[in-house]
Amino acid sequence: MTHAQSEALALSDRIVVMNQGRVEQISAPYELYTRPQSLFVAQFIGRNTLIAGVVKSCSDGTATLDTPFGQLAGATVKPLAVGATSSLVLPAESIDVVAGGEGMVEARTHYSGCVIPVAITRLQQVGHLVQMAVSLPNGDQVQLEGHADKYGGRFASGENACIAWKPQGATVISHQG
């Protein structure tokens with residue numbers, strides 16, 4: 001038994017996440033990290049960005065949410081009702097930073113519409129990694145990290161860009177347990 005997330009994710013076959021004595025999720029580490037089944041697990045494990053919205057449609061394992069940033073999609077792990085308040089959970093590793101402006105049109109097609117314009121507020125290369133902070137249109141900050149081969153020299157602090165993800169890289173979870 002451990003309380004160290006990194007140790008549990010690296011060494012375990014299955015992990016039990018508990019909240020006030022109640023089991024929230026039992027999963028293999030990768031599934032727990034990429035497919036949280038509750039808001040508690042999504043906020044507890046990893047570095048996830050959560051975007052709240054209302055389920056507009058749900059079919060074939062994908063849900064589309066109406067959010068303050070437009071319609072955005074992610075995979076479902078449990079059935080969701082149209083009209084349910086839910087959150088899109090984006091693991092940091094699923095988010096790509098892409099050029100804004102005309103690049104956004106191409107990104108919308110490539111990422112099935114899952115694109116949000118952002119402002120890069122901090123960018124620093126630390127060895128082989130580029131660490132970024134981006135500001136969403138509502139002012140929320142998102143922390144990202146990527147390999148220098150992917151982001152090195154492509155962006156600058158203060159520049160406008162977009163964050164984007166493929167729907168299967170995100171998970172939509174209901175706010176109702």
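Here a visitor and a guide talk through some of the labels used for this predicted model.

Visitor: What makes β7 and β10 the edge strands of the open five-stranded sheet?

Guide: Look at the order, β7-β11-β8-β9-β10, with antiparallel pairing. Strand β7 (96–99) and strand β10 (141–147) each pair on one side only, and that's what earns them the name. Neighbouring strands here are turned by 45° against each other on average, direction ignored.

Visitor: How do you know that β8 and β11 really pair?

Guide: Two strands count as a pair if there are at least two bridges between them. Strand β8 (residues 115–126) and strand β11 (residues 160–164) share five bridges, in the antiparallel sense, so they pass. For one spot to look at, find P117, which stands opposite C162 in β11.

Visitor: And what makes β8 and β9 a pair?

Guide: The test is at least two bridges, and β8 and β9 have seven, so they pair as well, again antiparallel. V126 has L129 in β9 as its bridge partner. The two strands form a hairpin with two residues between them, and G127 in that turn has a positive phi of about 65°.

Visitor: What about β9 and β10, how do you know they pair?

Guide: That's seven antiparallel bridges against a minimum of two, so yes, they pair. A133 sits across from Q143 in β10. This hairpin has five residues between its strands, and G139 takes a positive phi near 95°.

Visitor: Why is β9 called mostly covered?

Guide: Buried means under 20% relative accessible area. In strand β9 (residues 129–135), five of the seven residues are buried, hence the label.

Visitor: Why is the contact between K150 and D96 called a salt bridge?

Guide: The rule asks for a side-chain nitrogen of Lys or Arg within 4 Å of a carboxyl oxygen of Asp or Glu. For K150 and D96 the N to O distance is 2.6 Å, so the pair qualifies. K150 lies in helix α5 (residues 148–151) and D96 in strand β7, so the pair ties together parts that are 54 residues apart in sequence.

Visitor: Is K150 buried or partly exposed, and what about D96?

Guide: D96 is at 17%, under the 20% limit, so D96 is buried. K150, at 38%, falls between 20% and 50%, so K150 is partly exposed.

Visitor: How many salt bridges does a search of the whole structure find?

Guide: Two. Besides K150 and D96, there is E24 with R22, at 3.1 Å from N to O. That is within the 4 Å limit, so this pair counts too. E24 has 12% relative accessibility, so E24 is buried.

Visitor: What makes Q20 stand out?

Guide: Most residues other than glycine have a negative phi. Q20 isn't a glycine, yet its phi is positive, about 50°. You'll find Q20 in the loop between β1 (15–19) and β2 (22–27). With a relative accessible area of 81%, over the 50% mark, Q20 is exposed.

Visitor: Which residues form the nonpolar patch on the surface?

Guide: V16, M18, V23 and I26, with about 340 Å² of accessible area together. Strands β1 and β2 each supply at least two of the patch residues. Take M18 in strand β1: patch members need over 30% relative accessible area, and M18 has 47%, so M18 clears that bar while counting as partly exposed.

Terms used: Residues numbered from 1 in each chain as written. Predicted model: local features only at pLDDT ≥ 70, side-chain atom pairs only at ≥ 80, totals over all residues. Heavy atoms only, no water. Helix = DSSP H or I, 4+ residues; strand = E, 2+ residues; numbered from the N terminus. Axes fitted to C-alpha atoms, helices over the stretch in contact; angles between N-to-C directions. Buried < 20%, exposed > 50% of the residue type's maximum accessible area, 1.4 Å probe, protein only. Patch = residues over 30% accessible without salt bridge, like charges linked within 9 Å, V, L, I, M, F, W, Y side chains within 5 Å. Areas by Shrake-Rupley, 256 points an atom, 1.4 Å probe, with all protein chains shown as cover.
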